[in-house]
Amino acid sequence: MLRLALSVTVVATMLSPLVVHAEEVVVYSARNEHLIKPLFDRYTQETGVAIRYITDKEGPLLQRLAAEGKRTPADMLITVDAGNLWHAAQSGVLAEIRSPVLEANVPANLRDPQGRWFGLSERARTIVYSTERVQPGELSSYEDLADPKWKGRLCLRTSKKVYNQSLVASLIARHGDDGAEQIVRGWVANLAAEPFSNDTKAMEAVAAGQCDVTIVNTYYFGRLEKDRPGIPLALFWPNQDGSGVHINVSGAGVTAHAKHPEAAQKLLEWLSSATAQGDFAGLNMEYPVNKAVAPDPIVAAWGTFKADDLNVNEAGRLQADAIRLMDRAGYR
Ligand code: FE
């Protein structure tokens, strides 16, 4: 009730021509409204800075930003996956910023080396297995899922999804093109079904007995577990003796043609701060990038793991190679 009352006040304030805000920030967000609005409301309450935002899919938002050019009202872009952030940076819509606050709060491997975007939540793309048909001891790595022992037992999400493009990009970074292609060919040979349109469907196929293992972002596992308590699935952290679990980010940057660049940078710094990180990650069952902040208790209960320390920027740099490789390997 209190929350409703507050948001109404914010909207009224934003629309009233009589109230002049000292500052405002305009945000284009590919992150869903229910994940960002509670934070924006808090920021406005704490600082008096108004935040106007629109949400859309990452592709259309980036196109819009590019098409608007200098005339864009957007001060900040929030999107998911380093591949998308890399694309935004490449297309010139993000400004290079130097911020000791952001550099302290966001680990170097989770942000653009040139300061055009900064990770704000960390997501782990890991193995989920059937607790009825798989012993965790049988599992070891992403690479091992290419072994013939998993023939007819593997389900995967489509290669069209940027999450898998980033995962394969990380395999290219570790194993080179040929090595990565061997692995992906092995996955394809082991598939029990055509690739699924999303992570949840792939997990449901495992639960239903269509296959035994899949690869998903942990927050989808969290949502499914919440919807279907006791579902016979568990998370496995692969590559713990080697490269670590594949991670990615959602993140943000200040736009190249921001009308309120200082205000946008302050908001970005706040989103990376200990005050905001618990909610920014926790609302989506992700991991805070700011290591001073503990994950949400549900997330923490999944245990700790060694994460891949590869700069997530590589996922973007190698994305086109990853797409071509998956195509060659017959991964649809
Ligand atoms: Fe997602």
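Colleague: How many nonpolar, polar and charged residues does the lining of the largest cavity have?
Modeller: This is a predicted model, in which local features need pLDDT of at least 70 and side-chain atom pairs count only at pLDDT 80 or more, while totals for chains, interfaces and linings use all residues. Residues are numbered from 1 along each chain as its sequence is written, and side-chain values use heavy atoms, with hydrogens and water left out. A cavity is a set of points on a 1 Å grid over the protein atoms alone where a 1.4 Å probe fits but cannot get out, and lining residues have an atom within 4 Å of a point. With Ala, Val, Leu, Ile, Met, Phe, Trp, Tyr, Cys and Pro as nonpolar, Asp, Glu, Lys and Arg as charged, and the others, Gly among them, as polar, the lining has 5 nonpolar, 5 polar and 1 charged.

Colleague: Which element gives the most residues to the lining of the largest cavity?
Modeller: The lining includes S166, S170, H246, I247 and N248. Helix 6 and strand 7 (246-254) are the elements that give two or more residues; helices (H or I, at least four residues) and strands (E, at least two) are DSSP runs numbered from the N terminus. The most, 3 residues, come from strand 7.

Colleague: What is the volume of the second largest cavity?
Modeller: The structure holds 2 cavities of 30 Å³ or more, and the largest has about 70 Å³. The second largest is lined by residues including Y142, E143, R174 and H175, and helix 6 gives the most to that lining, with 4 residues. Its volume (the space filled by probe spheres set on the grid points, which are joined across faces, edges and corners) is about 60 Å³.

Colleague: Which helix gives the most to the lining of the largest pocket?
Modeller: A pocket is an open set of points with protein on both sides within 12 Å along at least five of seven lines. The largest pocket holds about 520 Å³ of space and is lined by 26 residues, of which N32, L35, Y220, R223 and N284 lie nearest its centre. Helix 2 (33-47) and helix 8 (218-227) are the elements that give two or more residues to this lining. With 4 residues, the most comes from helix 8.

Colleague: How many charged residues are in the lining of the largest pocket?
Modeller: The nonpolar residues of this lining number 9 and the polar ones 6. The count of charged residues is 11.

Colleague: Which residues are the protein donors of the iron ion?
Modeller: Donors are N, O and S atoms within 2.8 Å of the metal (3.2 Å for Na, K and Ca); water is not among the atoms, so sites may look incomplete. Here the donor atoms are OH atoms lying 2.0 to 2.1 Å from the iron ion, and the donor residues are spaced Y-x55-Y-Y in sequence. Y163 lies in helix 6 (residues 162-190) and Y220 in helix 8, so this pair ties together parts 57 residues apart in sequence. The donor residues are Y163, Y219 and Y220.

Colleague: Is Y220 buried or exposed?
Modeller: Buried means under 20% relative accessible area, exposed over 50%, and partly exposed in between (1.4 Å probe, protein chains only). Y163, at 6%, counts as buried. At 14%, Y220 is also buried.

Colleague: Which exposed residues lie on the face of helix 3 turned away from its buried side?
Modeller: The buried residues of helix 3 (residues 58-68) are L61, L65 and E68. They cover an arc (of the directions from the helix axis to the C-beta atoms) of only 75°, so they are on the same side of helix 3. The face turned away from them carries Q63 and A67.
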